[in-house]
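Visitor: I have just opened this one and would like a careful walk through it. Could we start with the metal sites and then move outwards?

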Amino acid sequence: AKAAGRDTLRFYDPSMHALANERAALEEDMRAGLAKGEFELYYQPQVDHGRIVGAEALLRWHHPQRGFVSPSVFIPMAEDSGQILPLGQWVLEQACLTLAQWACDPQLAELVLAVNVSPRQFRQAGFVQQVLATLASTGAAPRRLKLELTEGLLLHDVNESATRMTELKSYGVGFSLDDFGTGYSSLSYLKRLPLDQLKIDQSFVRDVLTDPNDASIVRTIVALGASLGLQVMAEGVETVAQQEFLARQHCYAWQGYLLSRPVPAEPFVALVRGHAPA
Ligand code: C2E
Ligand code: CA
Ligand code: CA
Ligand code: CA
């Protein structure tokens with residue numbers, strides 16, 4: 001055997017080899033799974049002032065052998081491999097089809113659907129045209145669609161981001177800044193982007209009652225949103241106490257397990273109907 005401690009040994013580590021194989025297999029499964037209908041959109045209700053005003057669309061993968069695969073596993077892989085482009089387009093199309101369906105029902109017609117957009121997807125040439133074409137072909141109203149973007153994605157090229165957003169915004173598409181507070185500390189870019197909403201990351205909401213730092217971060221984000229004229233939505237709200245804390249800070253928009261986990265379209269619609277005034 002080769003001498004231990006040699007650098008080269010690392011490259012023959014069988015567990016690393018297995019990991020790479022595993023990854024390649026999963027990537028191939030993703031490609032095939034999209035064609036075979038293994039992906040599904042789930043919907044998590046978003047509340048404002050006690051009413052369900054919309055949902056966040058969250059992707060689910062039902063793998064035939066592995067069972068349920070978490071998006072925190074397959075989304076980063078899809079982003080690396082480029083598979084996020086067809087996958088992201090599929091999500092957008094499903095979301096717009098759902099919106100077009102809801103538009104026919106007075107109880108659902110006002111709902112806004114938030115769709116996560118990955119960096120690679122947002123930056124690809126023709127992204128704006130793709131969104132507009134999807135809206136047009138499905139008949140979904142642009143103002144019912146909200147795109148959730150992350151700081152890293154937007155800051156990569158602020159001018160280009162602003163251009164893309166402004167064009168989509170002129171048709172009525174909304175924009176939310178996801179995971180706010182976890183990324184960059186420079187806030188000057190916030191004024192340059194046509195955002196509608198800041199989303200407080202769930203990592204700050206989780207311990208908001210016990211960690212004074214998280215509490216002051218939440219207060220700061222709410223104040224920042226107010227001063228910039230942006231709606232602030234909290235994610236990951238699991239308890240009444242967290243929701244009440246947010247309300248005391250005048251943050252009335254939230255989503256979280258307290259109301260519902262992400263669920264398939266049908267139970268989501270049932271939930272909306274159950275919440276609607278009689
Ligand atoms: P995210 O955009 O930050 O989505 C919020 C995540 O928090 C979701 O995890 C949601 O199920 C979870 N969550 C919601 N409420 C609560 C709560 O009260 N407590 C806790 N502990 N968690 C809560 P999920 O569905 O596993 O998605 C993970 C991430 O995968 C998302 O984070 C997003 O970055 C990505 N993702 C999911 N679907 C898509 C998609 O269609 N496209 C893209 N590009 N990314 C997606
Ligand atoms: Ca999101
Ligand atoms: Ca988030
Ligand atoms: Ca997150």
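Visitor: What spacing do the donors of the calcium ion (ligand 2) follow along the chain?

Guide: The donors of the calcium ion (ligand 2) follow the spacing E-x59-N-x31-E-x29-D, where donors are N, O and S atoms within 2.8 Å of the metal (3.2 Å for Na, K and Ca), and since water is not among the atoms, sites may look incomplete. This is a predicted model, in which local features need pLDDT of at least 70 and side-chain atom pairs count only at pLDDT 80 or more, while totals for chains, interfaces and linings use all residues. Residues are numbered from 1 along each chain as its sequence is written, chains are lettered from A and ligands numbered from 1 in the order in which they are written, and side-chain values use heavy atoms, with hydrogens and water left out.

Visitor: Which residues are the protein donors of that calcium ion (ligand 2)?

Guide: They are E56 (OE), N116 (OD1), E148 (OE) and D178 (OD), lying 2.2 to 2.3 Å from the ion. Distant parts of the chain are linked here, with E56 in strand β2 (residues 51-63) and D178 in strand β6, 122 residues apart; helices (H or I, at least four residues) and strands (E, at least two) are DSSP runs, numbered from the N terminus.

Visitor: Are E56 and D178 buried or exposed?

Guide: Both E56 and D178 are buried, where buried means under 20% relative accessible area, exposed over 50% and partly exposed in between, with a 1.4 Å probe and protein chains only.

Visitor: And what coordinates the calcium ion (ligand 3)?

Guide: D178 (OD), D179 (OD) and E235, which is listed twice through OE, coordinate the calcium ion (ligand 3) at 2.3 to 2.5 Å. D179 is in strand β6, whereas E235 is in the loop between β8 (231-234) and α11 (240-248), 56 residues apart. D179 is partly exposed, with a relative accessible area of 25%, and E235 is buried at 7%.

Visitor: How far apart are the two calcium ions, ligand 2 and ligand 3?

Guide: They are 3.9 Å apart, and D178 coordinates both.

Visitor: Let's turn to the strands; which way do β4 and β5 run, parallel or antiparallel?

Guide: Strand β4 (residues 112-116) and β5 run parallel and are joined by four bridges, two strands being counted as paired if DSSP finds at least two bridges between them. One bridge partner in β5 is L145, which is matched with L113. On to the next pairing, β5 and strand β6 (residues 174-180) are also parallel, over five bridges, and L149 has L177 as its partner in β6.

Visitor: How many residues of β5 are buried?

Guide: Five of the six residues in strand β5 (residues 145-150) are buried.

Visitor: Different topic: what is the nearest side chain of opposite charge to E79?

Guide: R120 is the nearest, 5.7 Å away, and E79 is buried yet has no salt bridge. A salt bridge is a side-chain nitrogen of Lys or Arg within 4 Å of a carboxyl oxygen of Asp or Glu, and for charge, Lys and Arg count as positive and Asp and Glu as negative, with His and the chain ends not counted. E79 is in helix α2 (residues 71-81), and leaving aside neighbours within four places in sequence, E79 is in contact (heavy atoms within 4.5 Å) with I84, S118, P119 and R120.

Visitor: Finally, how many helices and strands are there in the protein?

Guide: The protein has twelve helices and nine strands, and buried residues make up 45% of its 278 residues.
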